[in-house]
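Please open the model in a viewer and keep the selection tool at hand. The tour proceeds by selection, with a short account at each stop.

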Amino acid sequence: FAAASGRIVVACFASNLHRMQQVIEQAEAVDRKVAVVGRSMVANLEVGRKLGHIRVKDDTLIDIDQLQQQPSDRTVVLCTGSQGEPLSALALISAGEHKFVRVDPGDTIILSASAIPGNESAVHRVINGLYKAGADVYHSETSAVHVSGHAAGDELAEMVRTVKPRHFV
């Protein structure tokens, strides 16, 4: 985040509260405002805050309609669309069709999710649109920006040894 010269846009699953918290913490560390885009992202952020899973300073979050009043190099957009869903925030942004967010040359885009099998062409379409706009794009095929939330085999084996469940699927 500290090295990014323009706006930062991070797309992740709206259910990944931990990743949202990481983005907010990094934005606060470099004094950037955060605009949250996507209905599910906004809803999950609010639930996460109410449950105490997401901690954010009062002045960090801004409404998306305030984004254009902020210098782009002082903002982060946290949005949906890491799987290239056609009407998601990131897909609209990459196509230049989002009402509030535009990508300019030098902006940094982070797709913090690996493509789910079957979504690869949609994800690559979004990535191509972002590259065409001149953005610096970071995704799981080129950068270490995502780790699986699923346990590895040895971790599962340890869990079975520890818990000793009657059944394991």
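Is L130 buried or exposed? L130 is buried, with a relative accessible area of 0%; buried means under 20% relative accessible area, exposed over 50% and partly exposed in between, with a 1.4 Å probe and protein chains only.

This is a predicted model, in which local features need pLDDT of at least 70 and side-chain atom pairs count only at pLDDT 80 or more, while totals for chains, interfaces and linings use all residues. Residues are numbered from 1 along each chain as its sequence is written, and side-chain values use heavy atoms, with hydrogens and water left out.

**First stop: L130**

Select L130 within helix α4 (residues 120–132). Helices (H or I, at least four residues) and strands (E, at least two) are DSSP runs, numbered from the N terminus. Next, display the residues that L130 touches, not counting those up to four places away in sequence: L90, I93, S94, V103, I109, L111, A135 and V137. Contact here means heavy atoms within 4.5 Å. Then add A91: its C-alpha atom and that of L130 are separated by 9.2 Å, with the two residues 39 apart along the chain.

**Second stop: A11**

Keep A91 displayed and select A11, in strand β1 (residues 8–11). The C-alpha atoms of A11 and A91 are separated by 10 Å, the residues being 80 apart along the chain. A11 is buried, at a relative accessible area of 0%. Leaving out residues up to four places away in sequence, A11 touches C79, T80, G81, S82, L90, I110, L111 and S112.

**Third stop: helices α1 and α2**

Now select α1 (residues 17–29) together with α2 (residues 39–50). At what angle do α1 and α2 pack? The angle is about 85°, with the axes 10 Å apart; axes are lines fitted to C-alpha atoms, for helices over the stretch in contact, and angles run from 0 to 180 degrees between N-to-C directions. The two helices, α1 and α2, are therefore roughly perpendicular to each other. The classes are roughly parallel under 35 degrees, roughly antiparallel over 145, roughly perpendicular from 65 to 115, and oblique for the rest.

Show side chains at the contact: L17, M20 and I24 in α1 meet M41, N44, L45 and G48 in α2. These residues divide into 5 nonpolar, 2 polar and no charged. Ala, Val, Leu, Ile, Met, Phe, Trp, Tyr, Cys and Pro count as nonpolar, Asp, Glu, Lys and Arg as charged, and the others, Gly among them, as polar.

**Fourth stop: the faces of α2**

Within α2, select M41, L45 and G48, which are buried. Seen down the axis of α2, its buried residues fall within an arc of 65°, so they line one face of the helix; the arc is that of the directions from the helix axis to the C-beta atoms. The elements covering these buried residues include α1, β2 (33–37), β3 (61–62) and β4 (75–79). On the other side of α2, select R39 and K50, which are exposed.

**Last stop: positive phi values**

Move just past α2 to G52, which takes a positive phi of about 85°. Then select D31, in the loop between α1 and β2. Phi of D31 is near 60°, a positive value in a residue other than glycine, and D31 is exposed, with a relative accessible area of 58%. Finish at K164, in the segment after α5 (153–163). K164, also a residue other than glycine, has a positive phi near 50° and counts as exposed at 65% relative accessibility.
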